[in-house]
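Subject: Structure for you to look at

Hello,

Here is the structure I said I would pass on. Please open it next to this email and follow along as you read.

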Amino acid sequence: MSGFNFESPRLQAPFNALPFHEWVFPDGTLWTQFFRTSAGYLLRFPDLADFLVSPDGLSATCSPAPEVTDATAHHLYLNQVLPLMLSRQGKLVFHASAVEIGDGAVAFAAASGSGKSTLAASFAISGFRLLTDDGLVLQGSGPGYQALPGHPSIRLWEDSEEALIPAEVEASPALAFTSKSRFLAGRDIGFCDRPRPLRRVYFLGDGGAPEIAFQRMSAAEALIQWVKHSFLLDIEEKPLLASHFDEVARLANQTICYHLDYPRRFEDLARVRQVITGHAGEKVETA
Amino acid sequence: MKLTDKAAIPAQVMARQVGKETVILDLVSGTYFGLDPVGARIWQLLAEGRTLAEVCAAMLAEYEVTREDIERDVLILVEELRAKQLISVA
């Protein structure tokens, strides 16, 4: 469980300490600062909102900046803050989307802007139910893992929206800081609200491949990729990091991880879905 | 770097075996390094606090390799690990 409260909008006062971590976009724009406070963690999204997160990651209080809408603050909570809180609770949370194929979950892990939401949306409007758009939570289950359902919605850039989403699909209110739109699951976007056994994980390439290409990853390669795609709130909490490393190493030993690349063309997505569906249904090779 | 030197592994640097390989990761910087089983054995000996000469002697006893080759390989690996700040050497 993770609790979330709003406080009244207020100006972001300078914080009297250096952040212990920052997220910065490739163009140098500061996106998030992580501060340690006596009450837990302060996550600052400059000019948007402050989130005070309890030390155990179980609750967060949001103070939006003036003029910032509740929808924007809630969006930040769902997409940025909640996955970090879950990581602080010891859960495995990754930058990955997931859909239900057959009786299992297939995940697509990638950095922002690499096509994981577009691919998941492509499946979701084609009869495969969405499990999560990002912030994939995995939970150990016997010898394997289960993919847990996330928020029943999907966020897409305008070009993916135009190519994939029927006009009648309900969208959340527009946000000031991004041109991405959030589409709610419903009749056209099916949502799977139950955990599903994780069958395959595809780490997406950069789209440079001329054709659809799969490559089985070694356990070491998978470990490195899982670590790179992890949500982690406190990168200085060494016991928690060590525990996370142990869990991710166990996850990496599952023989289900592949590198996948394909040309990023909307007109090819049906073929990509077909190939992935076939590949994901194959018996898992043993190392 | 001398064969009498020892490696020190920072607290935030950890190694885990996955499959046939060992991955070394700096949990703070995110720097990582993959080792094959021979490299992993060298890492294990370094982590036990042995000098580079003692590491080479152990490897000579365990593998069919010449002293010249193993000393070169150990020094190359240690230098790579040091360059990635996964160990310090003194």
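A good place to start is where the two chains meet: helix α5(A) lies across strands β2 and β3 of chain B, and runs at about 20° to β2(B). Please keep in mind throughout that this is a predicted model.

The contact between the chains

Chain A puts 17 residues into the contact and chain B puts in 13. On the chain A side, the elements that give two or more residues are α4 (219-228) and α5 (238-252). Of these, α5(A) gives the most, with seven residues. Sorted by class, the chain A side has twelve nonpolar, two polar and three charged residues.

One residue to click on here is A:L223. Leaving out residues up to four places away in sequence, A:L223 touches A:V248, A:A249 and A:A252, and also B:R16, B:V18 and B:V23 from the other chain.

The sheet in chain B

The strands that α5(A) crosses, β2 and β3 of chain B, belong to an open sheet of three strands in the order β2-β3-β4, with antiparallel pairing. In general, strands of a sheet pair through backbone hydrogen bonds, either parallel or antiparallel. The edge strands in chain B are β2 (13-18) and β4 (32-35), each of which pairs on one side only. On average, neighbouring strands of this sheet are turned by 20° against each other, ignoring direction.

Strand β3 (residues 21-26) of chain B pairs with β4(B) over four bridges, in the antiparallel sense. To see one of the partners, find B:L25, whose bridge partner in β4(B) is B:Y32.

The two domains of chain A

Chain A splits into domain 1 (3-89) and domain 2 (93-280). Their centres, taken over C-alpha atoms, are 24 Å apart. Where the domains meet, 17 residues of domain 1 are in contact with 17 residues of domain 2. Helix α1 (residues 70-88) supplies the largest share of the domain 1 side, namely twelve residues. That side has ten nonpolar, six polar and one charged residues.

Where does the largest nonpolar core lie? This core has 101 residues, and those with the most contacts inside it are A:V99, A:A107 and A:L223. Domain 1 and domain 2 of chain A both give residues to the core, so it lies between them. Note that A:L223 is the residue from the chain contact above, where B:V18 and B:V23 are among the residues it touches.

The sheet in chain A

Chain A has an open sheet of six strands, in the order β1-β6-β5-β4-β3-β2, with mixed pairing. At its edges are β1 (3-6) and β2 of chain A, each pairing on one side only. Neighbouring strands here are turned by 20° against each other on average, again with direction ignored.

Two pairs of strands are worth tracing. Strand β2 (residues 21-24) and strand β3 (residues 30-37) of chain A pair in the antiparallel sense over four bridges, and A:W23 stands opposite A:T32 in β3(A). The hairpin of β2(A) and β3(A) has five residues between the strands, and in it A:G28 takes a positive phi near 95°.

The other pair is strand β4 (residues 40-45) and strand β5 (residues 49-53) of chain A, antiparallel over five bridges. There, A:Y41 has A:V53 as its bridge partner in β5(A).

Regards

Methods
Residues are numbered from 1 along each chain as its sequence is written. Chains are lettered from A and ligands numbered from 1 in the order in which they are written. This is a predicted model: local features need pLDDT of at least 70, side-chain atom pairs count only at pLDDT 80 or more; totals for chains, interfaces and linings use all residues. Two residues are in contact if their C-beta atoms, placed from the backbone, lie within 7 Å. Ala, Val, Leu, Ile, Met, Phe, Trp, Tyr, Cys and Pro count as nonpolar, Asp, Glu, Lys and Arg as charged, and the others, Gly among them, as polar. A nonpolar core is a set of buried Ala, Val, Leu, Ile, Met, Phe, Trp, Tyr and Cys residues joined through C-beta atoms within 7 Å. A residue is buried if 20 or more other C-beta atoms lie within 10 Å of its own, exposed if 12 or fewer, and partly exposed in between; C-beta atoms are placed from the backbone. Domain bounds come from an automatic or database domain assignment. Two strands pair if DSSP finds at least two bridges between them. Axes are lines fitted to C-alpha atoms, for helices over the stretch in contact, and angles run from 0 to 180 degrees between N-to-C directions.
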